[in-house]
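The following report was prepared for a reader at the bench. It treats the pockets, the metal site, the overall fold and some backbone features in turn.

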Amino acid sequence: MAKPTQYRFCVGPWNFSEGGDPYGPTTRPAKTFDWKLAALKELGFEAMMFHDDDAVPEIGTKSAAQVLKEAKELKKRLDGEGIVAEMVAPRLWFAPETIDGGYTSNDKKQRRYAIDRSKQTIDIARELGTDLIVLWLAREGTYLRESKSGARSTELLVEALDAMLKHDKQARLCIEPKPNEPMDHAYIPTIGHALAIAQLTRDPKRVGALIESAHSILAGLDPADEIDFAMSFGKLWSLHLNDQNGLKFDQDKPFGSANLRVAFNQVRALERNGYGRKGEYVAFDVHPFRTTREEHFLKHLDNSKKTFLRLVEKARSFPTKEADALIADRNYQDLDQLVLEHLMGK
Ligand code: GLO
Ligand code: MG
């Protein structure tokens with residue numbers, strides 16, 4: 001039997017957010033990058049995720065050479081701290097150029113901007129020592145369906161992915177699907193869509209996926225099924241665990257906070273498919289509640305990790321024999337109770 005996975009954890013600088021929402025200002029002071037790096041280490045996390053402009057602040061004002069120089073400096077800094085860069089993601093959704101989308105914008109100039117910026121992200125990743133490029137296709141969708149053609153948008157997405165794959169022969173593109181927010185409807189809403197579009201690219205084996213629990217739930221799906229599906233293709237290369245209370249705005253709650261059983265099933269799926277054995281990290285894409293005081297700034301991360309590790313214990317100690325007997329007897333009634341008793345601690 002394979003040795004149990006020793007999970008390794010990862011977080012992004014944006015996960016130390018300050019509590020601002022569309023209805024009110026921030027409620028905690030902004031923290032510096034150095035503070036976040038120290039916090040990450042204190043929490044026992046081993047890797048950091050980066051947007052391109054987390055790695056190189058004010059990226060839009062800097063020359064290509066300057067961007068690479070700063071990426072190199074960051075790599076040295078991370079090496080010194082013993083922290084790995086897990087991935088880099090182009091933060092396309094912030095720029096004035098991408099108001100109508102990046103790769104699927106109706107404006108050719110803006111599509112070019114999105115592709116060029118993504119290529120630069122790949123260059124930054126190379127400097128940071130990672131081949132993983134995360135693509136959260138935030139604005140690749142519509143507010144108004146009649147404003148774009150879905151067929152043309154699929155073509156444009158494939159063109160963009162191809163341009164990135166061509167730019168660097170090592171880079172792996174990891175699509176993070178999300179069905180809505182900020183868009184009404186996104187073009188790549190689920191893992192199925194991500195894996196399907198991979199097949200249309202010039203190098204399907206370098207296009208995989210990242211599952212975020214909340215995004216699956218927002219699509220009305222069970223994140224555990226999404227994990228099983230992606231891993232059946234060997235295509236789950238990164239993971240954003242969190243929680244989501246139904247079909248609302250993207251809540252990014254601590255892992256297990258809304259539905260412990262759904263969280264348990266995600267951990268079971270990770271365990272049964274061997275997630276982490278090829279060096280994949282478990283990231284928590286969680287945010288502190290707006291009410292969180294400054295002195296409790298790290299609780300959402302620490303608690304998510306605690307819950308995850310407790311659920312790993314629960315997955316490993318699950319009474320499989322008893323469960324199998326109930327399954328064989330089609331006694332799902334008692335199987336249900338067995339799961340509940342196990343989670344409640346009996
Ligand atoms: C938002 C996304 C976002 C991405 C991150 C990496 O809903 O989950 O946090 O994961 O920007 O691209
Ligand atoms: Mg995410």
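In this predicted model, strand E3 gives three residues to the lining of the second largest pocket, the largest share from any element. E3 and strand E9 (236-241) are the elements that each give two or more residues to that lining. The volume of the second largest pocket is about 400 Å³. Its lining comprises 22 residues, and Arg172, Trp237, Lys278, Gly279 and Glu280 are the closest to its centre.

The largest pocket has a volume of about 1,400 Å³. Its lining is made up of 43 residues, with Trp14, Ser17, Gly20, Asp252 and His287 lying nearest the centre. Two or more residues each come from helix H1 (33-42), strand E3 (84-89) and strand E4 (132-136). E3 is thus named for the largest pocket and also for the second largest. The table sets out the composition of the two linings.

| Pocket | Nonpolar | Polar | Charged |
|---|---|---|---|
| Largest pocket | 17 residues | 10 residues | 16 residues |
| Second largest pocket | eight residues | six residues | eight residues |

**Metal site**

Which residues coordinate the magnesium ion (ligand 2)? The protein donors are Glu176 (OE), Glu212 (OE), His240 (ND1) and Asp285 (OD), at 2.0 to 2.2 Å. Along the sequence, these donor residues follow the spacing E-x35-E-x27-H-x44-D. The pair Glu176 and His240 links distant parts of the chain: Glu176 belongs to strand E6 (residues 172-176) and His240 to strand E9, and 64 residues separate them. Both Glu176 and His240 are buried.

The arrangement around the magnesium ion (ligand 2) is octahedral, because its six donor atoms subtend angles of 81 to 171°. For that assignment, opposite donors must be over 155 degrees apart and all other angles must lie between 65 and 115. Ideal angles for six octahedral donors are 90 or 180 degrees.

**Overall fold**

The secondary structure of the protein consists of 12 helices and 10 strands. The radius of gyration is 20 Å, close to the 20 Å given by the globule rule for 346 residues, so the protein is as compact as a globular protein of that length. The C-alpha trace spans about 65 × 45 × 45 Å along its principal axes. Of the 346 residues, 53% count as buried.

**Backbone features**

Most residues other than glycine have a negative phi, and most peptide bonds are trans. Some positions in this model depart from that pattern. The peptide bond from Glu181 to Pro182 is cis, with omega near 15°. Pro182 is placed in the loop between E6 and strand E7 (185-186).

Asp252 is not a glycine, yet it has a positive phi of about 50°. This residue sits in the loop between E9 and helix H9 (260-273), and it is among the residues that lie nearest the centre of the largest pocket. Is Asp252 buried or exposed? Its relative accessibility is 10%, so Asp252 counts as buried, the cut-off for that class being under 20%.

Arg330 likewise has a positive phi of about 50° without being a glycine. Its place is the loop between helix H11 (320-328) and helix H12 (332-344). With a relative accessibility of 68%, Arg330 counts as exposed, a class that begins over 50%.

Key
Residues are numbered from 1 along each chain as its sequence is written. Chains are lettered from A and ligands numbered from 1 in the order in which they are written. This is a predicted model: local features need pLDDT of at least 70, side-chain atom pairs count only at pLDDT 80 or more; totals for chains, interfaces and linings use all residues. Side-chain values use heavy atoms; hydrogens and water are left out. On a 1 Å grid over the protein atoms alone, a cavity is a set of points where a 1.4 Å probe fits but cannot get out, and a pocket is an open set with protein on both sides within 12 Å along at least five of seven lines; lining residues have an atom within 4 Å of a point. Grid points are joined across faces, edges and corners, and a volume is the space filled by probe spheres set on the points. Helices (H or I, at least four residues) and strands (E, at least two) are DSSP runs, numbered from the N terminus. Ala, Val, Leu, Ile, Met, Phe, Trp, Tyr, Cys and Pro count as nonpolar, Asp, Glu, Lys and Arg as charged, and the others, Gly among them, as polar. Donors are N, O and S atoms within 2.8 Å of the metal (3.2 Å for Na, K and Ca); water is not among the atoms, so sites may look incomplete. Four donors count as tetrahedral if all angles lie between 85 and 135 degrees; four count as square planar and six as octahedral if opposite donors are over 155 degrees apart and all others between 65 and 115; anything else is irregular. Buried means under 20% relative accessible area, exposed over 50%, partly exposed in between (1.4 Å probe, protein chains only). The radius of gyration is taken over C-alpha atoms; the globule rule is 2.2 Å times the number of residues to the power 0.38.
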